Amino acid sequence: MTTLTPTPARTPERTVRPQPTGRRRGVRLPFSGWHLLLAPLALLFALPLVWLLLSSVMTNAEINRFPPALWPSGIDLGGYRYVLGNAMFPRWFANSLIVSAVAVASNLLFGALGGYAFARMRFRGSRALLVLMLATMAVPFQLTMIPTFLVMKRLGLIDTLGALIVPSLVTPFAVFLLRQFFLSLPRELEEAAWIDGCSRLRVLLTIVLPLSRPALSTVAVLTFLTTWNDLTWPLIAINHDTQYTLQLGLTTFQGQHHTRWSAVMAGNVITVLPVLLAFLGAQKSFIRSITSTGLKG
């Protein structure tokens, strides 16, 4: 009798795979992926400034040529020499600086006082007065231009810098923006100061305003940009060239029969520089004025 010995079952052979020497890692960019979209857009919006800068160093023949030259054949500073050689240009620059500085200071002062009153003080008719003030923001300047001119004429301010300063002493936008920021500040900070015997004015100056620097800087920059770039109102209220602002003075470079475009472009470059520096210096404040609150940490 034969005995059958069971044959051992074959175990499946395991295929040995080579171990990877290192892990695959995703490609990390040294910048955010949004920069791939924002960088071309930034270049697109910067093209007018680049064209303005290039045109300021072109000759009048190159600017007037058709099709226009995209790149200057050489650096020609004739436009800058013409602008800076004009005896009235420093006076125009000083006039614009005076009007803009006074408008910024007055809007910060009166805007802070009015905004704090609307944010913290309750009096009869306060809401109706606030709505009425905000309604004036919807009225275009063209409708109030003639009444403003008549008021300035009655005050004897026509053809003076006062005619440019007085209508810009305070704006509804400054009051509204500061009011909205004051509402975001916690009342506990002010109540603690009231318990210590501080008046409302002292609370505003020592506690509220130091916490409101982002909103104050935003109001300052926007007021400066609006006043510095204004052309319509100075064109109506000013007649003598000694009282011209910079924007109004640049229009004298554009004649009826002949225009020195190189001088116009050079003057615009000099005019844009303060505006550009003000915007670059306060761009973070625009964000902080919206997101910031009165508490830190």
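## An all-helix chain, region by region

D159 sits in the loop between α6 (141-154) and α7 (162-165). This is a predicted model, and D159 shows a backbone feature worth checking in it. Its phi is positive, about 70°, although D159 is not a glycine. D159 counts as partly exposed, at 25% relative accessibility.

**Overall fold**

The chain has 14 helices and zero strands. Its pattern along the sequence is therefore written with α alone: α-α-α-α-α-α-α-α-α-α-α-α-α-α. There are 297 residues in the chain, and buried residues make up 34% of them. Among contacts with a separation of 6 or more, 73% are between residues 24 or more positions apart. The accessible surface comes to about 20100 Å². Carbon and sulfur atoms hold 66% of that surface.

**A second loop**

D76 lies in the loop between α2 (60-64) and α3 (78-85). D76 is partly exposed, with 27% relative accessibility. Leaving aside neighbours within four places in sequence, D76 is in contact with S56, V57, M58 and T59. T59 is 17 residues away from D76 in sequence, yet the two C-alpha atoms are 6.3 Å apart.

**Pairs distant in sequence**

The D76 pair can be set beside two others, one from helix α4 and one from helix α7.

| Pair | Separation in sequence | C-alpha to C-alpha distance |
|---|---|---|
| D76 and T59 | 17 residues | 6.3 Å |
| A112 and L178 | 66 residues | 6.3 Å |
| L164 and V99 | 65 residues | 6.8 Å |

A112 has its place in helix α4. A112 is buried, with a relative accessible area of 4%. Residues up to four places away in sequence are not counted in what follows. A112 touches N107, L178, F182, L204 and L209.

L164 is in helix α7. L164 is buried as well, with a relative accessible area of 4%. Beyond its neighbours within four places in sequence, L164 is in contact with V99, W233, P234, A237, I238 and T245.

**The salt bridge**

How many salt bridges does a search of the whole structure find? The search finds one. R120 forms a salt bridge with E190, and the closest N and O atoms are 2.9 Å apart. R120 lies in helix α4 (residues 89-120) and E190 in helix α9 (residues 187-195), so the pair ties together parts that are 70 residues apart in sequence. Are the two partners buried or exposed? R120 is buried, with a relative accessible area of 7%. E190 is also buried, at 2% relative accessibility.

**A buried arginine without a partner**

R179 lies in helix α8 (residues 172-184). R179 is buried yet has no salt bridge. Which side chain of opposite charge is nearest to R179? That side chain is E190, 12 Å away. A salt bridge needs the nitrogen and the carboxyl oxygen within 4 Å, so this separation does not qualify. E190 is instead the partner of R120. Leaving aside neighbours within four places in sequence, R179 is in contact with G115, F118, A119 and L130.

**Surface patches**

Two patches stand out for a reader scanning the surface. The nonpolar patch is formed by W34, L37, L38, L41, L44, F45 and L47. Together these residues have about 790 Å² of accessible area. One of them, L41, is in helix α1 (residues 35-56). L41 counts as partly exposed, at 37% relative accessibility.

The other patch carries positive charge. R122, R127, R187 and R200 gather in it on the surface. R200 lies in helix α10 (residues 200-211). R200 is partly exposed, with a relative accessible area of 37%. Patch members must have over 30% relative accessible area, so R200 at 37% clears that cut-off. L41, also at 37%, clears the cut-off for the nonpolar patch, because the requirement is over 30% there too.

**Charges in brief**

The arginines named here fall into three settings. R120 is paired with E190 in a salt bridge. R179 is buried and has no salt bridge. R122, R127, R187 and R200 belong to the positive patch on the surface.

Terms used: Residues numbered from 1 in each chain as written. Predicted model: local features only at pLDDT ≥ 70, side-chain atom pairs only at ≥ 80, totals over all residues. Heavy atoms only, no water. Helix = DSSP H or I, 4+ residues; strand = E, 2+ residues; numbered from the N terminus. Buried < 20%, exposed > 50% of the residue type's maximum accessible area, 1.4 Å probe, protein only. Lys, Arg positive; Asp, Glu negative; His and termini not counted. Contact = heavy atoms within 4.5 Å. Patch = residues over 30% accessible without salt bridge, like charges linked within 9 Å, V, L, I, M, F, W, Y side chains within 5 Å. Areas by Shrake-Rupley, 256 points an atom, 1.4 Å probe, with all protein chains shown as cover. Charge placed at Lys NZ, Arg CZ, Asp CG, Glu CD.
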